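Please explain how this chain is put together, moving from its enclosed helix to its sheet, its nonpolar cores and its charged pairs. The account should be suitable for a reader who works with atomic models.

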Amino acid sequence: MANLQTFVSHAWQTALSIVKLILKSRPCSMPPYSKGDDEIVILGNGPSLNDTMALHKDFLRERHLLAVNFAANTPIFQELKPCFYMLTDPVFFTRTDMDNVQILWSNFANSVDWDMTLFIPTSARINKQWKELLASNKHITLCTYNMTPVEGFHWFENMAYSRQWGMPRPRNVLIPSIMQAIAMRYKTIYIAGADHSWTKTLSVDDENRVVSIQPHFYKEAKSEEERIRVDYMNIKLHEVLESMCIAFRTYHTIQRYAKTVGTDVINITPNSFIDSFPRKKL
């Protein structure tokens, strides 16, 4: 009976995913491929990245790097000069009123003097002004990817992932970052700054509002802190926990897929809460 239920569940998820792929997925830009023996480090925004930077800078400099979110607004961006950059959250394309978002696009246009590939979702619509800023910098190559969530039979997931039609449920920027690194055929992918210790800072105030403090390796802009505070006022605790659960479960899906294609995903983040990838102490 359990096997039948599993089959029916996978069949239903596969059918739903096919519909999503038809409705949401679009042709995407093919990413640059690695030579096969290259290694890449994905720089998450967790606070532990400061220690990794301080103690293991040579390790980072000797490998290709992928940065995310507001890293371009920090000194490490110019210091490490990442080859790749990943944007996922709609806030980067829709909130033209936010100072730190405007600074981000300005930094792309004016600060990048090395070759860098910028990944954005196929669904993203870049503000005309920002698009012109990007076009003014010949060092930046724009690549698109599909964020369509794909679930179902493993053979179906593997096929959709390998063709970049979609990916495991992208609950945060680290998920598409790892999937793009796999798509670029890196054999070894290191994950730094992926603390994911959100439950330590999660609470509910006396007015039943969820308070989620998500510390980063950089000091958060006041406008971003306020945006997060307002967003969480309308979210229930069980919804926050469900979102976290999906993220941690998705990493196990990625680990299964990575093993299928012969990629090693290694977590080098000290005290990380991610329990799916092998760990390595630098």
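Arg185 adopts a positive phi of about 70° at a position just after helix H9. The model is a predicted one, and this backbone value, like the others below, is computed from it. The helix that precedes Arg185 is largely enclosed by the rest of the structure, because 10 of the 10 residues of H9 are buried. Its buried residues run through Leu174, Ile175, Pro176, Ser177, Ile178, Met179, Gln180, Ala181, Ile182 and Ala183.

Met179 illustrates this enclosure. The residue belongs to H9, which spans residues 174-183, and Met179 counts as buried because its relative accessibility is 6%, where the cut-off for burial is under 20%. Beyond its neighbours within four places in sequence, Met179 is in contact with Tyr161, Met167, Pro168, Ile254 and Tyr257. By contrast, Gln78 lies 25 Å from Met179, C-alpha to C-alpha, with the two positions 101 residues apart in sequence numbering.

The nonpolar cores come next. Nonpolar side chains in soluble globular proteins tend to be buried together. Here the largest nonpolar core comprises 43 residues, and Ile178 and Tyr251 have the most contacts inside it. H11 supplies the largest share of this core, namely seven residues. Tyr251, with neighbours within four places in sequence left aside, is in contact with Asn172, Leu174, Ile175, Ile178, His196, Ile274, Ser276 and Phe277. Another core, of 25 residues, lies apart from the largest one and includes Ala71, Phe92, Phe108 and Leu118.

Phe108 is also one of the buried residues of helix H6, together with Asn100, Val101, Leu104, Trp105, Asn107 and Ala109. H6 covers residues 99-111, 13 residues in all, and its first and last C-alpha atoms are 17 Å apart, close to the 18 Å expected at 1.5 Å a residue. The helix lies across S3, strand S4 (116-121) and S5, and runs at about 145° to S4.

These strands belong to a sheet. Strands of a sheet pair through backbone hydrogen bonds, in either a parallel or an antiparallel manner. In this model seven strands form an open sheet with parallel pairing, in the order S5-S4-S3-S2-S1-S6-S9. Strand S5 (140-145) and strand S9 (264-267) occupy the edges with a single partner strand each, so one side of each has no neighbour in the sheet. From one strand to the next the twist averages 25°. Within the sheet, S2 pairs in the parallel sense with strand S3 (residues 84-86) over three bridges, and Ala67 stands opposite Tyr85 in S3.

The loop between helix H1 (2-24) and S1 holds Asp38. Asp38 counts as buried, since its relative accessibility of 18% falls under the 20% cut-off. Leaving aside neighbours within four places in sequence, its contacts are His64, Tyr186, Lys187 and Thr188.

What, finally, do the charged side chains join? Side chains of opposite charge can pair when their charged atoms come close. The count of salt bridges in the model is nine. In one of them, Arg63 pairs with Glu39, with the closest N and O atoms 2.7 Å apart. Arg63 lies in the loop between helix H3 (57-61) and strand S2 (64-68), whereas Glu39 lies in strand S1 (residues 39-43), so this pair ties together parts that are 24 residues apart in sequence. Glu39 is partly exposed, at a relative accessible area of 24%. The two residues also belong to a network of salt bridges that links Glu39, Glu62 and Arg63.

A second salt bridge joins the side chains of Arg61 and Glu79 at 3.4 Å, N to O. This pair links distant parts of the chain, 18 residues apart, with Arg61 in helix H3 and Glu79 in helix H4 (residues 75-80). Glu79 counts as partly exposed at 35% relative accessibility.

A further salt bridge brings together the side chains of Glu157 and Arg256, at 2.8 Å from N to O. Because Glu157 lies in helix H8 (residues 154-162) and Arg256 in helix H11 (residues 237-260), the pair ties together parts that are 99 residues apart in sequence. Glu157 is buried, with a relative accessible area of 8%. Helix H11 thus takes part in this charged pair and also contributes seven residues to the largest nonpolar core.

Technical notes. Residues numbered from 1 in each chain as written. Predicted model: local features only at pLDDT ≥ 70, side-chain atom pairs only at ≥ 80, totals over all residues. Heavy atoms only, no water. Salt bridge = Lys/Arg side-chain N within 4 Å of Asp/Glu carboxyl O. Helix = DSSP H or I, 4+ residues; strand = E, 2+ residues; numbered from the N terminus. Buried < 20%, exposed > 50% of the residue type's maximum accessible area, 1.4 Å probe, protein only. Core = buried A, V, L, I, M, F, W, Y, C linked by side-chain atoms within 4.5 Å. Contact = heavy atoms within 4.5 Å. Expected span 1.5 Å × (residues − 1). Pairing = 2+ DSSP bridges. Axes fitted to C-alpha atoms, helices over the stretch in contact; angles between N-to-C directions.
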